[in-house]
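Thanks for making time this morning. I would like to take you through one chain, and I will ask you to keep the structure in view while I talk.

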Amino acid sequence: MRFMIIVRASKDTEAGVMPEDDTLMASMAKFHEDLATAGILLGAEGLQPSSKGWRIKYSGEKRTLINGPFAETKELVAGYTLIQVNSREEAIEWTKRYPNPAVDGKDAEIEVRQLYELEDFPSGDTIERFRELDAEHRI
């Protein structure tokens with residue numbers, strides 16, 4: 001079972017504020033080292049502020065480019081960690097250990113979502129194509 005730990009954006013992350021001391025980065029590094037040692041870490045990245053990003057809005061076949069920044073920080077993602085564990089309960093236990101991601105220990109929130117696996121979908125030619133892609137490219 002794969003789970004994504006989503007770090008919510010804040011005014012600080014959107015402003016590109018970096019921690020003044022190494023405490024936050026050290027605690028994040030230690031947590032991710034623990035995940036790696038346990039063999040469950042699949043990936044982890046921080047995201048640049050939304051001012052450097054864009055969205056594509058769809059209306060049928062029409063696509064509209066919308067450049068950042070985006071106003072609602074509570075709806076934005078600042079970073080993520082991807083883990084693979086044996087159960088929801090194991091994912092919960094690991095995420096309870098996740099360090100406070102906010103600069104200077106301010107209020108923060110993470111969200112955890114389980115990823116779909118190919119086994120969750122009805123079998124068929126399209127799912128088999130995805131299985132082949134997964135085996136070739138580990139998407």
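I will start with the overall layout, then turn to two surface patches, and end with the last helix.

Please keep in mind throughout that this is a predicted model. The secondary structure of the chain comes to four helices and six strands, and if you read along the sequence you will find them in the pattern β-α-α-β-β-β-β-α-β-α. The C-alpha trace spans about 50 × 45 × 25 Å along its principal axes, and of the 139 residues in the chain, 26% are buried.

Now to the surface, where Trp54, Ile56, Tyr58 and Leu65 make a nonpolar patch of about 480 Å². Strand 3, which covers residues 54-59, gives the most to this patch, with three residues. Trp54 is found in that strand, and we call Trp54 exposed because its relative accessible area is 58%, where the cut-off is over 50%.

The other patch is one of negative charge, in which Glu20, Asp21, Asp22 and Asp104 gather on the surface. Asp21 lies in the loop between helix 1 (11-14) and helix 2 (23-37), and with a relative accessible area of 48% Asp21 counts as partly exposed.

Finally, what should the 13 residues of helix 4 span, at 1.5 Å a residue? The expected value for helix 4, residues 125-137, is 18 Å, and the end C-alpha atoms are 18 Å apart, so the two agree. Just after helix 4 comes Arg138, which takes a positive phi of about 50 degrees.

How values were computed
Residues numbered from 1 in each chain as written. Predicted model: local features only at pLDDT ≥ 70, side-chain atom pairs only at ≥ 80, totals over all residues. Heavy atoms only, no water. Helix = DSSP H or I, 4+ residues; strand = E, 2+ residues; numbered from the N terminus. Expected span 1.5 Å × (residues − 1). Patch = residues over 30% accessible without salt bridge, like charges linked within 9 Å, V, L, I, M, F, W, Y side chains within 5 Å. Areas by Shrake-Rupley, 256 points an atom, 1.4 Å probe, with all protein chains shown as cover. Salt bridge = Lys/Arg side-chain N within 4 Å of Asp/Glu carboxyl O. Lys, Arg positive; Asp, Glu negative; His and termini not counted. Charge placed at Lys NZ, Arg CZ, Asp CG, Glu CD. Buried < 20%, exposed > 50% of the residue type's maximum accessible area, 1.4 Å probe, protein only.
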